[in-house]
Every structure is written in C-alpha cells, then in structure tokens.
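Subject: Structure handover and what I found in it

Hi,

Here is the structure I promised to pass on to you. My notes follow below it, grouped by region so that you can read them with the viewer open.

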Amino acid sequence: MSVTVVGSANLDTTLRVVRIPGPGETVMASSIARSPGGKGANQAVGAARSGGADVRFVAALGRDADGDALLASLTGAGVGTDAVRRLADAPSGSALITVGDDGENSIVVVAGANAALTDLDENELAAVAAADVVLACLEIPMVTVVRAAREAARFVLNAAPSTPLPEDLWPHVDVLVVNEHEARDLTGAADLADAVDRLAGRVRALVVTLGARGAVVVSDGVRTSVPSTPVTAVDTTGAGDCFCGVLAARLAAGDDLVTATRWGSAAGALAVQRPGAADATPTHAEVAAALTSAASASAPATSA
Ligand code: ATP
C-alpha cells in the first residue's frame, strides 16, 4: 500500500484570535505558534500516520532552518523524504494562519521553494510511477501536477486551493477531492448540488468534503453521504489535508471510495479537536478506534 504525495510544505505561523478580522480591522492575538504545515506535507503525514501507508513525499524545501524543521517533522512521522529537494536560492514555504474561537481559519501562503517545483527529476518521477496511489494538491506549479497525473497509476487530485484546472488534467483524475467552496469555484455553480452534479460529470469519482457535515461521494454514478462525527472543533486547519492523506492511504490499501472516505472523515474529525495542522494528525489506531465506536453506536440494538 504505497502512496506518493506530490505537494507543498510550509512552516505555519498560527495566531489565535477571538474572531478572524475583516478587511481594515485590527484584532489582538492571544497566542502565536509555529508548526509544520503545507497541504502536501500535511497530506503525507496523514497518509503515513493516520492511514498507515508506505509514503514518499515529492516536494521542494529551502536550505534553511524552516526546511530543516519541516524535514525533521516529515521523517518523524515516517514519511520517506528521499525525493524532497533542498534549494539554496529559495526560502522554505510559509503560511500565516489566523484561527478564531469558533475553530474557523483564514490563511495566507508564501510559496517560496514550493513555487520552484516546476519539473520532476528522474528520482521524483520514479517515486510517482512506483506508487499505488499518487496524491497531489495545487500549492505547487500546475505543470508539475499535470506531469505527476500523467505518470500515476491512480491519481487523486485535491484541487485546493481554488484554481481553474487545465483541460489536459481532467482526463487523468481518478478521484477529485474538493471542499464545497472549491466545488463551487471549479464549476461556477452557486448551488452545491448543482456543483456536485457538474463535477461528477467530469471525473471518474468525486468526493466533496463538507466540514462538520461530513462528505459526499459520487462513484459509478452512485451518490453516498458520509456523515462526520459530532465533535467540538478547536482548530480546523489541515482537517481537509488529513482527510485526503488518509483517503489516499485507504485507496492504496484496496478500500472502496466510500470506505476510504469514512476513514478520512474519522481522521478529520479527530484532527479538528487538536491545535495545529500536521501536529494534529491522529494515529492509525486512534482513527480505527473512532470508526469502531461510531459503528457500534449506529448498530441496531439487539435483544436476547
Ligand atoms: P481545511 O482547508 O480547513 O483543511 P477543508 O475545507 O479542505 O479543510 P473540511 O471539509 O473542513 O475540509 O474537512 C474535511 C473532513 O474533516 C470533513 O469531511 C469531515 O469529515 C471532517 N471535519 C472537518 N471539520 C469537522 C468538524 N467541525 N466536525 C467533525 N468533522 C469535521
């Protein structure tokens, strides 16, 4: 069950505020914390730590202290980093994240070295070609996403952050994962059901994540609702990334898309109860236990 994640890595600076400021507004933060993040790195950690897959990460980091910290975090989570480049002429990516008391966030990303991943070398291509499942996000140059999609045996695209997709990418997408904002942005549909219909018509399989409401899966023309577990969210940063990593890991393990989505959903619900992005990633055992208790809670009562 091997997964290669092609994506971004950022050192996150997270500010806790009562509420996220609007345009022109100044608010005081109650704390500041620095932690590993970036969609790709979060997904790789999710696939390895929560999903239990054999994971390699294809990415670019600066040759700086932030890059060292990111590499240590990936290695510590069991992610293979032999295909991670270190660049002398670009800083590691970074992100400024504001988290409100309701757990919602707003994020500004500085791409840094992530923007320099404009091609894939022989070792990186080999990491893509060898994987059962390849997962990519859009925090890296589109040309690299398309290249990875072409080489992948099975390609899962997390089309985030919102960017129009080139026509030559769509045919290579085996599973498209988007949140509801991305679903609307990609289709131009104001109505979510309409956006789901339009996207389902363009890809082999689709997952739309809906935050606390769980996710919708469309596969082989069948639409399935996968509810999430009701929890108290303290920080939703990276929940979607953890979801994607676990989904890719479970697909690589042979699960069908609905089962893989249940795993991703359970991992996402655990991740939002902890602060941070990659640091909030639950273990495989924690996700398995959450699924078992959800299954027994929903099982019909039997009597002797
Ligand atoms: P982000 O960009 O904040 O990382 P996202 O918008 O890409 O997240 P979400 O839809 O928010 O992704 O979350 C992914 C999955 O995690 C959801 O489908 C759901 O299963 C789970 N999840 C997220 N937020 C919550 C929550 N508040 N309560 C329970 N489960 C949640």
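How many residues lie between E11 and E12 in their hairpin, and which residue in the turn has a positive phi? There are 5 residues between the two strands, and Gly211 is the one in the turn, with a positive phi of about 60 degrees. Please keep in mind throughout that this is a predicted model.

**The hairpins around E12**

Strand E11 covers residues 205–209 and pairs with E12 in the antiparallel sense over 5 bridges. If you want a place to start looking, Ala205 stands opposite Ser219 in E12. E12 itself (215–219) is followed by a loop and then by strand E13 (222–226). The pairing of E12 with E13 is antiparallel as well, again over 5 bridges. Ser219 turns up here too, standing opposite Val222 in E13. E12 is mostly covered, with 4 of its 5 residues buried.

The hairpin of E12 and E13 has 2 residues between the strands. Asp220 sits in that loop and has a positive phi of about 50 degrees although it is not a glycine. Is Asp220 buried or exposed? Asp220 is exposed, with a relative accessible area of 74%, a value over the 50% cut-off for that class.

**The ligand site**

I expect this is the part you will open in your own tools. The ligand is surrounded by 20 residues, and the closest are Thr209, Gly211, Gly214, Ser228 and Ser265. Gly211 is thus the turn residue of the E11 and E12 hairpin and also one of the closest residues to the ligand.

Three contacts to oxygen atoms of the ligand may be useful to you:

- Thr209 places a polar side-chain atom 2.8 Å from a ligand oxygen.
- Gly238 has a backbone N or O atom 3.2 Å from a ligand oxygen.
- Ala239 has a polar backbone atom that is 3.2 Å from an oxygen atom of the ligand.

Taken alone, the ligand exposes 620 Å², and the protein buries 86% of that. Two helices each supply at least two residues of the shell: H7 (239–252) and H8 (257–271). What is the make-up of the shell in terms of nonpolar, polar and charged residues? The shell divides into 8 nonpolar and 12 polar residues, with no charged ones.

**The four-stranded sheet**

Earlier in the chain there is an open sheet of 4 strands in the order E3-E2-E6-E7, with mixed pairing. E3 and E7 (105–110) stand at its edges, each with a single partner strand, so one side of each is left without a neighbour in the sheet. On average, neighbouring strands of this sheet are turned by 20 degrees against each other, direction ignored.

Going through the pairs in order:

- E2 (residues 10–17) is mostly covered, as 6 of its 8 residues are buried.
- E2 pairs with E3 (residues 29–37) in the antiparallel sense over 8 bridges, and Leu15 stands opposite Ile32 in E3.
- E2 runs parallel to E6 (residues 93–99), and 7 bridges join them; Asp12 has Ala95 as its bridge partner in E6.
- E6 runs antiparallel to E7, with 6 bridges joining the two; the bridge partner of Ser94 in E7 is Val110.

**The loop between E9 and E10**

One more region is worth a look. Strand E9 (155–158) and strand E10 (175–179) are connected by a loop that contains Pro161. The peptide bond that joins Ala160 and Pro161 is cis, with omega at about -5 degrees. Do check that your preparation workflow keeps this bond as it is. Asp174 is found in the loop between E9 and E10 as well. Which residue does the side chain of Asp174 contact? A polar contact of 2.8 Å joins it to the side chain of Arg204. Asp174 is buried, with a relative accessible area of 18%, which is under the 20% cut-off for that class.

That is everything from my side for now. Happy to go through any of it with you.

Best wishes

Definitions and conventions:
Residues numbered from 1 in each chain as written. Predicted model: local features only at pLDDT ≥ 70, side-chain atom pairs only at ≥ 80, totals over all residues. Heavy atoms only, no water. Near = heavy atom within 4 Å. Polar contact = N/O pair within 3.5 Å; in protein donor to acceptor, adjacent residues only side chain to side chain. Areas by Shrake-Rupley, 256 points an atom, 1.4 Å probe, with all protein chains shown as cover. Nonpolar A, V, L, I, M, F, W, Y, C, P; charged D, E, K, R; others polar. Buried < 20%, exposed > 50% of the residue type's maximum accessible area, 1.4 Å probe, protein only. Pairing = 2+ DSSP bridges. Axes fitted to C-alpha atoms, helices over the stretch in contact; angles between N-to-C directions.
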